Amino acid sequence: RIARRLMHGHPEPPPRRIGTVSGLILAGGRGSRLGGIDKGLLDVRGTPLVQHVARRLAGQVEALRVSANRQVDRYRALGFEPLPDGPYADSGPLAGIRAGLAACTSDWLLAVPCDMPFVPLDLAARLLGAAPLNDRRARVPYDGAHHHYACVLLPATALGAVTAALDAGRRSLHGLLDDIGWLGVDFAAENHAFTNLNTSADVARARSAEVP
């Protein structure tokens, strides 16, 4: 079995538990609109941004991992074991999602950007419950104006499609979702929950906001 893994270059996927969800915080970006900082480690009200997201996801997912390519020792000190992009460096969130899917032992993977600190406390349940479990389309929250593609619930079986897209030089997460099929899930009543911190003004507002 080990020899077969080495021959094909990719490990065999771990066994899945039907109807379960693992979590992935996407913190592998460059933070270019904030001067190149590692956004996951940005201090917001005395706590790194990645921990704000982790607290929102606590109790929603079986296991929680972080996709990160920089300052891995600092993420480990916060209790995370970072997943690097590996051979797909600089390929955007799709590379982080691939790393999460490769490590996922649940039936589904919920990916959330590290700069989205107000995600709903029932996000996983509502996305999972939006269609029957045998419907393997991805599920994307819709805030009444926009779909948030990087905040996505994916079936673990999407690993092959994600890897194939990256191997073909494709980086578009939206394009990948079109390939595997996806559905939007209404979160219009909580449109504030999907606020991204992309600018200094966004960060200042988050530092003064009350978490809903």
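A residue counts as exposed when its relative accessible area is over 50%, and as buried when that area is under 20%. Keep those cut-offs in mind for what follows. The model described here is predicted.

**Overall make-up**

The protein has 212 residues, and 47% of them count as buried. Its secondary structure comes to eight helices and nine strands. Take the contacts between residues at least 6 apart in sequence: 75% of them join residues at least 24 apart.

**Two nonpolar cores**

The largest nonpolar core holds 31 residues. Which members touch the most others? They are V21, I25, V66, Y75, L110, V112 and L123. Several elements each supply at least two residues of this core. The table lists them.

| Element | Residues |
|---|---|
| β1 | 17–26 |
| α2 | 49–57 |
| β6 | 106–113 |
| α5 | 123–128 |
| β9 | 182–186 |

Another core lies apart from this one. It has 24 residues, including Y88, V140, V152 and L159.

Now look at V66, from the largest core. Leave aside its neighbours within four places in sequence. V66 is then in contact with L24, I25, A27, V50, Y75, F80, E81, P82 and L83.

**Strand β9**

The side chains of β9 alternate. L183 and V185 point to one face and are buried. W182, G184 and D186 point to the other face and are not buried. β9 also has a partner strand, β7, which covers residues 138–142. The two pair in the parallel sense over five bridges. One residue to find is R139, whose bridge partner in β9 is L183.

**Helices α4 and α6**

Two packed helices are described by the angle between their axes and the distance between the axes. Helix α4 spans residues 93–103, and helix α6 spans residues 159–167. Their axes come within 9 Å and cross at roughly 145°. The crossing is left-handed. From α4, the contact uses L94, A95, R98, L101 and A102. From α6, L159, V162, T163, A165 and L166 take part. What kinds of residue make up this contact? Eight are nonpolar, one is polar and one is charged.

**A125**

A125 is found in helix α5. Is A125 buried or exposed? Its relative accessible area is 56%, so A125 is exposed. The C-alpha atoms of A125 and Q60 are separated by 7.3 Å. Along the chain, A125 and Q60 are 65 residues apart.

How values were computed. Residues are numbered from 1 along each chain as its sequence is written. This is a predicted model: local features need pLDDT of at least 70, side-chain atom pairs count only at pLDDT 80 or more; totals for chains, interfaces and linings use all residues. Side-chain values use heavy atoms; hydrogens and water are left out. A nonpolar core is a set of buried Ala, Val, Leu, Ile, Met, Phe, Trp, Tyr and Cys residues joined through side-chain atoms within 4.5 Å. Buried means under 20% relative accessible area, exposed over 50%, partly exposed in between (1.4 Å probe, protein chains only). Helices (H or I, at least four residues) and strands (E, at least two) are DSSP runs, numbered from the N terminus. Contact means heavy atoms within 4.5 Å. Two strands pair if DSSP finds at least two bridges between them. Axes are lines fitted to C-alpha atoms, for helices over the stretch in contact, and angles run from 0 to 180 degrees between N-to-C directions. A crossing is left-handed if the near helix is turned anticlockwise from the far one by less than a right angle, and right-handed if clockwise. Ala, Val, Leu, Ile, Met, Phe, Trp, Tyr, Cys and Pro count as nonpolar, Asp, Glu, Lys and Arg as charged, and the others, Gly among them, as polar.
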